Every structure is written in C-alpha cells, then in structure tokens.
Amino acid sequence: MNLLRHVVPPPGPIRRLVSSSFARSIGHGILLSVSVLFFLRSVEIPAAQVGLGLTIAAIVGMLASVPAGHAADVLGARNTAAFFVVLQGALIFTYALVGSFPAFVVASSLVVLAEASSSASRGALVAKVVPAGERVAARAFMRSTNNLGVSIGAVAGGVALHFDTRPVYLGMLFLSGVLFVGAGLVYLTFPPVPGVTKPAGGARLPVLRDRPFVVISLLNTVLMMNSGILTVGVPIWITERTAAPTWTFSVMLVLNTAMVVLFQVRVSQGADDVVGGARALQRSGVALAACCAFFALAAGRAPWLAVAILIVGAVVHVLGELLCAAGGWALAYELAPEHAIGQYQGLFATTTQLSAAITPALVTALVIGFGWPGWLVLGGLMLAAGALVPAVARWGLRTRQRYGVAAEPVTPTPATS
C-alpha cells in the first residue's frame with residue numbers, strides 16, 4: 001500500500017492531470033515506434049531525408065516553446081494547453097497525406113511545433129491548478145505515468161511493425177491522434193484559467209532577461225544529457241567496446257522504466273523549493289558522473305562481469321535521472337514569477353529539446369572516439385554542472401524581486417558528500 005501511494009495519484013486536480021498525461025503518453029509511444037518506419041517504408045522517403053526533416057522539425061519546436069509559454073500566460077493556461085494538445089492530435093492525422101519530402105518536413109514540423117507548445121502550456125497549467133507545494137509531486141506522478149504509457153504505446157506500435165503494411169501504420173497513427181485529442185479535452189474539465197497581464201513597464205519576455213534562470217537552464221541542458229547517454233551512448237558502447245551481450249541494453253531499459261514508475265514520486269520528495277531543487281540537481285550530477293564511471297569500467301571485462309557492471313551503472317543512472325527531473329521542476333516553478341510562469345516553463349522545455357539535439361553527436365564522438373576516457377569526460381561535465389547549480393540558485397533567489405517573485409530566505413545548500 002505504501003508503494004501504491006507513490007504510484008497512484010491522489011484524487012483531484014493531480015489525478016486528472018495524470019489521466020490526460022497517460023493517454024497522451026500512450027499516443028506518444030505509438031508515434032515513436034511507428035512514425036519513422038511509416039515514412040521510410042510506406043511513404044518511401046530516404047533515410048537521410050527523414051533525418052534532415054526531423055532535425056528541421058526539432059529546431060522549429062525549440063523556437064516555439066517560449067512564445068507558446070507566453071501565450072499560455074496571456075490567454076490562460078487551460079485553454080492554451082487544451083488547444084495545443086488537441087492540435088497535435090489533429091496534425092498527426094495529416095501524416096496520412098504526406099507523399100513527398102517537402103510535405104514530410106511541413107507535417108513533422110507542425111506536429112513538433114504543437115508538441116513543444118503544449119509542453120510549455122501544460123507546465124503552466126500545472127502551476128495554475130495545483131498548489132505551489134504540490135507542483136513537483138504532480139509532475140513526478142505525471143512522469144511516472146508517462147513512462148508506463150510510452151511503454152504501452154510502444155508495444156501497441158509493435159503490431160504495426162510486425163505487419164509492416166500501410167493500412168496498419170495508418171491505423172496506429174490514427175489511434176495516436178485520437179489519444180492526443182482525448183488527452184487535450186480532459187483539460188477542459190478544469191475551471192477556466194484567466195490570463196495574466198504583465199506588470200506596467202515590464203519586459204515582454206522577461207525570462208530572456210533573467211540571467212540566473214538562463215544559466216540554470218543551460219546547466220540543466222548538460223544534466224539532461226542523461227537521456228542520450230542511456231539511449232545513444234550505452235547501446236553503442238555495449239556493442240562496440242564491451243563483451244556484454246546486446247540484450248543487456250534491453251534489460252537496462254526495462255529496469256529504467258520500472259524504476260521511474262516506482263520511484264519518481266518518492267525521490268522527488270524534498271525537492272519542492274529552490275533550495276531542495278538545487279540540492280537535487282547537485283546530487284544528480286554526482287550520480288550521473290558515477291554512472292559514467294561504471295559504464296567506462298565495463299570495457300575489457302568478462303561478459304558476466306561486464307553485464308553486472310552495466311546493470312549497476314544503470315541503477316545509478318536512473319537515480320541521477322530521477323533527481324534531475326525533480327530538481328528541474330522545482331527551479332522552473334519556484335524561480336518563475338506568476339505573470340510569466342508559462343514563459344519560464346517554455347525556456348526550460350527548450351533546454352531539454354536542445355539537449356536532445358546535441359547529445360547524440362557529442363556522446364558518440366566522446367564514447368566511440370576516445371573510449372573509456374570519453375565516459376570520464378561526460379561524467380566530469382555532469383559533475384561540474386550539478387556542482388554549479390546551488391550557487392546559481394542562490395544568485396537567482398537574491399534577484400527574484402527584480403522579476404516579480406516574492407523574496408525567499410537564502411539558505412546555504414549543504415555540500416554533497
């Protein structure tokens with residue numbers, strides 16, 4: 001029962017947010033598993049063009065996040081979040097009309113634009129319908145459920161991959177779109193959220209002038225590389241530089257998903273203010289540096305020992321991942337002024353997208369180019385980024401009144417042993 005308390009959300013706004021997130025994550029899992037192969041095998045767009053199109057779409061998404069967050073602030077987070085999630089579902093339907101590379105670029109860019117915009121506005125909606133002290137817990141429940149939903153969606157998408165026919169691909173894409181539309185409509189069950197007018201004389205996009213927050217967002221970009229380390233660096237490392245069997249990576253992914261579902265809420269406890277969030281990110285840097293050292297240690301070992309070392313590294317990695325998520329949510333909410341909370345969620349979402357864009361190339365270059373020393377370089381980057389967060393967070397606290405946030409006591413962050 002105690003374990004269920006950290007998995008099943010409490011009744012009320014958080015449960016409704018989680019139900020919407022669950023439907024959306026199943027649709028996302030389906031999309032992840034079938035969309036690329038649909039364009040490759042059914043539409044017959046060359047792989048290089050698919051990669052280029054997705055890169056263009058990612059850039060469009062990054063550019064949309066802050067303006068979308070601003071729209072959520074001005075127009076109201078509930079309607080904005082519902083609009084962008086429903087829009088993403090509707091745009092997924094347009095994949096059926098794609099028959100050329102230019103059409104693919106347009107369709108994928110619009111879908112990613114809607115996805116990035118919904119991320120910023122959904123973050124603002126959480127801030128508006130959940131009390132301040134419960135926002136991190138709400139995001140933790142949502143992330144826990146998201147991992148489960150994506151896994152379910154990926155399994156469902158496997159049906160399309162098995163049959164490998166255009167009608168089945170289209171059916172799964174249609175199902176994904178329907179799930180997104182339903183997820184967006186759930187937001188309309190919340191009371192209307194009025195827009196907020198910026199203070200007289202205030203900047204139009206204050207988040208871009210908030211230097212402490214921008215620096216924290218950049219440090220978060222480094223720590224968010226943890227996702228690419230697992231999904232890009234580890235499988236290449238296993239196959240190229242270790243004697244571990246390739247199925248080890250599948251075990252690591254299943255372990256990661258299970259631990260996120262079971263422990264995200266538990267690990268997030270205590271990271272509900274600026275000081276707690278900074279401490280979580282600092283500890284995340286330590287854990288992620290340690291996991292990189294474990295992965296490096298697996299090279300040149302006997303198969304059974306390499307597997308054991310990689311599994312230990314995966315456990316340490318997911319601890320860092322959980323702390324990174326919790327700390328990021330706390331700082332993104334607690335350092336944001338109420339009149340611009342959507343903008344701040346948008347900038348934080350942009351750094352996550354930036355990390356996803358740069359990590360594959362960087363991780364591949366370091367791990368394959370330099371071998372185990374490359375892992376140590378990655379670990380050093382993580383450790384340094386986490387170590388800098390508390391000082392920057394204290395800087396942020398000292399400047400909050402300038403950006404319309406009530407002053408908080410600046411409490412020194414204990415050093416991590």
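## Terms and the model

A nonpolar core is a set of buried Ala, Val, Leu, Ile, Met, Phe, Trp, Tyr and Cys residues joined through side-chain atoms within 4.5 Å. Buried means under 20% relative accessible area, exposed means over 50%, and partly exposed lies in between (1.4 Å probe, protein chains only).

The model is predicted: local features need pLDDT of at least 70, side-chain atom pairs count only at pLDDT 80 or more, and totals for chains, interfaces and linings use all residues. Residues are numbered from 1 along each chain as its sequence is written, and side-chain values use heavy atoms, with hydrogens and water left out.

## The overall fold

Let's begin with the whole chain. The protein chain has 14 helices and zero strands; both kinds of element are DSSP runs numbered from the N terminus (helices are H or I with at least four residues, strands E with at least two).

The C-alpha trace spans about 60 × 55 × 45 Å along its principal axes. The radius of gyration of the protein chain is 21 Å, which agrees with the value near 22 Å for a compact globule of 417 residues. That radius is taken over C-alpha atoms, and the globule rule is 2.2 Å times the number of residues to the power 0.38.

## Inside and outside

Of the 417 residues in the protein chain, 51% are buried. The chain exposes about 17,000 Å², and carbon and sulfur atoms supply 71% of that area; accessible areas come from the Shrake-Rupley method with a 1.4 Å probe, and for residues only the protein chains shown count as cover.

Contact means heavy atoms within 4.5 Å. Among contacts between residues at least 6 apart in sequence, 84% join residues at least 24 apart.

## The core and helix H14

The largest nonpolar core holds 104 residues, and those with the most contacts inside it are Leu17, Phe39, Tyr95, Trp375 and Leu378. Helix H12 (residues 303–334) gives the largest share of this core, 13 residues. Leaving aside residues up to four places away in sequence, Trp375 touches Ile229, Gly233, Val234, Trp237, Cys292, Phe295, Ala296 and Val367.

Helix H14 covers residues 372–398, 27 in number, and reaches 41 Å from its first C-alpha to its last, close to the 39 Å expected at 1.5 Å a residue. The expected span is 1.5 Å times one less than the number of residues. H14 bends by about 30° at Val389, and a proline, Pro390, follows within four residues; the bend is the angle between axes fitted to the seven residues ending at a residue and the seven starting there.

## Two helix residues

Asn256 sits in helix H10 (residues 247–268). Asn256 counts as buried because its relative accessible area is 9%. Its contacts, not counting residues up to four places away in sequence, are Asn147, Leu230, His317, Val318 and Glu321.

Ala154 belongs to helix H6 and is partly exposed, at 35% relative accessibility. Ala154 and Val34 are 120 residues apart in sequence, with 8.4 Å between their C-alpha atoms. Not counting residues up to four places away in sequence, Ala154 touches Gly29, Ile30 and Ser33.

## Two loop residues

Glu44 lies in the loop between helix H2 (13–42) and helix H3 (47–75). Phi of Glu44 is near 65°, a positive value in a residue other than glycine, and Glu44 is exposed, with a relative accessible area of 63%.

Asp164 is in the loop between helix H6 (135–163) and helix H7 (166–186). Phi of Asp164 is near 55°, a positive value in a residue other than glycine; at 29% relative accessibility, Asp164 counts as partly exposed.
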